[in-house]
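Got the model open in your viewer? Here is a short walk through it, one selection at a time.

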Amino acid sequence: MLDKAAEQQGILRLGASFDLASLQIASQTGNCPEIVADEKNMSSGTLVAEAATAYEPVHPQTTSVPTDLLFAPLDSMPAGPSPTSDEVVTNGACLVPLVALLDRYRAHSQTAMAGRRSRAWWKQITSLFGVPVGPLPVVSALDRDRLVLSAGVDSACRAKAAGRRWMRVQMPQSIARQWFSRPVDRLRAVIKETRRREFYNPVFHPEFRKARTSRPESVRLDRINRVLATLGEGLRGLDIGCNMGYMTHALERLGFQMTAIDFDEYHLAVAEALSETYCLSPRFVRCQFQDFDASESFDITLALSSLYHMFFTQNPDRPHKVAERVGQLTRHALFWESGDQPEREIDLICTHSGLSEYRSLGGTQGTGKIRELGVFLRPGTEISRALASRLPRAVQ
Ligand SMILES: C[S@@+](CC[C@H](N)C(=O)[O-])C[C@H]1O[C@@H](n2cnc3c(N)ncnc32)[C@H](O)[C@@H]1O
């Protein structure tokens, strides 16, 4: 038997004589985010699991999640202009972040909508509210911290294109339980201990959704994700001056094995606590980049808003040494963001690192500075050729 009073409060209580048939009947009408067994059933964990499986398909939970944690198979959008190079990608089932599907989504929606009168209507609605309208996307798995979409990829793309940083999705109760039970105690403790009131980048957890952030936008993340989506699996990456590990974690989600360095112990404490929350396992090293003693090299290096400190403040006499060291550690490409003197930095890197081909990914701004984002390639390697095919052409 099912307890009707409890069901009205959102709890599905399984009584002693509970059976799956009565549960299926209940699932036509109720909507219980929580399923519990009474004492007699308690001993049987499998019974609760069976109940959850029988109940969930009818009553998923609706909740808001960070848009940048939503991933979908590359082939979940009908073929359109591919965001990737065919040289490298042959597997359409590989998971990519939403931003890597936007070009396909646009091509698909233009074809699907062509000639339909509803097109103008949709445009009006989305421009009026800046919010997409339609069925909610469905998340069907949590893969480490990647929320995997199984339906509604087009409406999720619409929300991403409209600039939504969090969006409402539906997910089965079991996935919602995993999502809400991600470990956050260590993060809370670090924040308390370090009296942190502001983060450099956003934190992808509901508790910190409204936290103050120096760089809340996802412009850099989106541009880098578009270029690296589908390339990362098995590659090694280095993040120089990683701060709270925002980009380190982002590349881990793409399949990179990341090493990240920063000299600031408080930043690294947050980064490590976040790894626990996100169920990711990058390696963090606390040191000055100039003292980073690594015999290995890395396929891709990130140095976002960090090299200018080393060039112009910490090593003003020998900035070329820093550029040389970046070159020694980097096999194929350096993703870089400048301080407020991009031309000087570009010149130093191109001249001294061996990463001599520069492609701009456009201007950015943050913490009061106008900056530049770009990629330096080592000419002639297979991966840098694959990357070059995804990047805007160099301006002569
Ligand atoms: C402006 S923050 C950028 C953080 C991150 N790269 C991003 O863009 O989100 C610069 C970071 O570089 C680190 N940093 C500066 N000089 C460094 C050095 N010589 N070695 C290691 N880290 C350094 C700082 O501690 C700080 O966390």
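Start by selecting Leu 101. Skipping its neighbours within four places in sequence, Leu 101 is in contact with Ala 72, Met 77, Val 96, Val 153 and Cys 157. Keep in mind as you click around that this is a predicted model.

Now add Leu 334 to the selection. Leu 101 and Leu 334 are the residues that touch the most other members of the largest nonpolar core, which has 84 residues. Colour helix H12, residues 265–278, next: H12 gives the most to this core, with seven residues. If you have the domains in separate colours, note that the core draws at least three residues from each of domain 2 (63–180) and domain 3 (185–388).

Next stop, the ligand. How many residues surround the ligand? Expect 21, and the closest of them are Gly 241, Asn 243, Phe 289, Leu 304 and Ser 306. Colour that shell by residue type and you get nine nonpolar, ten polar and two charged residues. Then show the secondary structure: helix H11 (246–253), strand E12 (257–262) and helix H13 (307–314) each supply at least two residues of the shell. H13 has the largest share, with three residues.

Stay on H13 and show its side chains. Its buried residues are Leu 307, Tyr 308, Met 310 and Phe 311. They sit on the same side of H13, because they cover an arc of only 170° around the axis. To see what they pack against, select strand E14 (298–304), helix H14 (319–329), strand E15 (330–337) and helix H15 (342–352).

From that group, pick H14. Here the buried residues are Pro 319, Val 322, Ala 323 and Val 326. Turn the view until you look down the axis of H14: the buried residues fall within an arc of 100°, so they line one face of the helix. Their cover includes E14, H13, E15 and H15.

Move on to H15. Which residues of H15 are buried? Select Glu 345, Leu 348 and Ile 349. Look down the axis again: these buried residues of H15 fall within an arc of 90°, so they line one face. Swing round to the other side of H15, and you find Glu 343 and Thr 351, which are exposed. The buried residues of H15 pack against H13, H14, E15 and strand E17 (369–377). Just past the helix, click on Gly 354: it follows H15 and its phi is positive, near 80°.

Zoom in on Leu 348, back in helix H15. Why does Leu 348 count as buried? It has 20 other C-beta atoms within 10 Å, and a residue is buried if that count is 20 or more. Leaving out residues up to four places away in sequence, Leu 348 touches Phe 311, Pro 319, His 320 and Ala 323. Of those, Phe 311 is one of the buried residues of H13, while Pro 319 and Ala 323 are among the buried residues of H14. Try a distance too: C-alpha to C-alpha, Leu 348 and Lys 321 are 9.7 Å apart, with their positions 27 residues apart in sequence.

Last, zoom out to the whole protein. It has 16 helices and 17 strands, and 39% of its 396 residues count as buried. Among contacts between residues at least 6 apart in sequence, 65% join residues at least 24 apart.

Definitions and conventions:
Residues are numbered from 1 along each chain as its sequence is written. This is a predicted model: local features need pLDDT of at least 70, side-chain atom pairs count only at pLDDT 80 or more; totals for chains, interfaces and linings use all residues. A residue is near a molecule or strand if its C-beta atom, placed from the backbone, lies within 6 Å of it. Helices (H or I, at least four residues) and strands (E, at least two) are DSSP runs, numbered from the N terminus. Ala, Val, Leu, Ile, Met, Phe, Trp, Tyr, Cys and Pro count as nonpolar, Asp, Glu, Lys and Arg as charged, and the others, Gly among them, as polar. A residue is buried if 20 or more other C-beta atoms lie within 10 Å of its own, exposed if 12 or fewer, and partly exposed in between; C-beta atoms are placed from the backbone. The arc is that of the directions from the helix axis to the C-beta atoms. Two residues are in contact if their C-beta atoms, placed from the backbone, lie within 7 Å. A nonpolar core is a set of buried Ala, Val, Leu, Ile, Met, Phe, Trp, Tyr and Cys residues joined through C-beta atoms within 7 Å. Domain bounds come from an automatic or database domain assignment.
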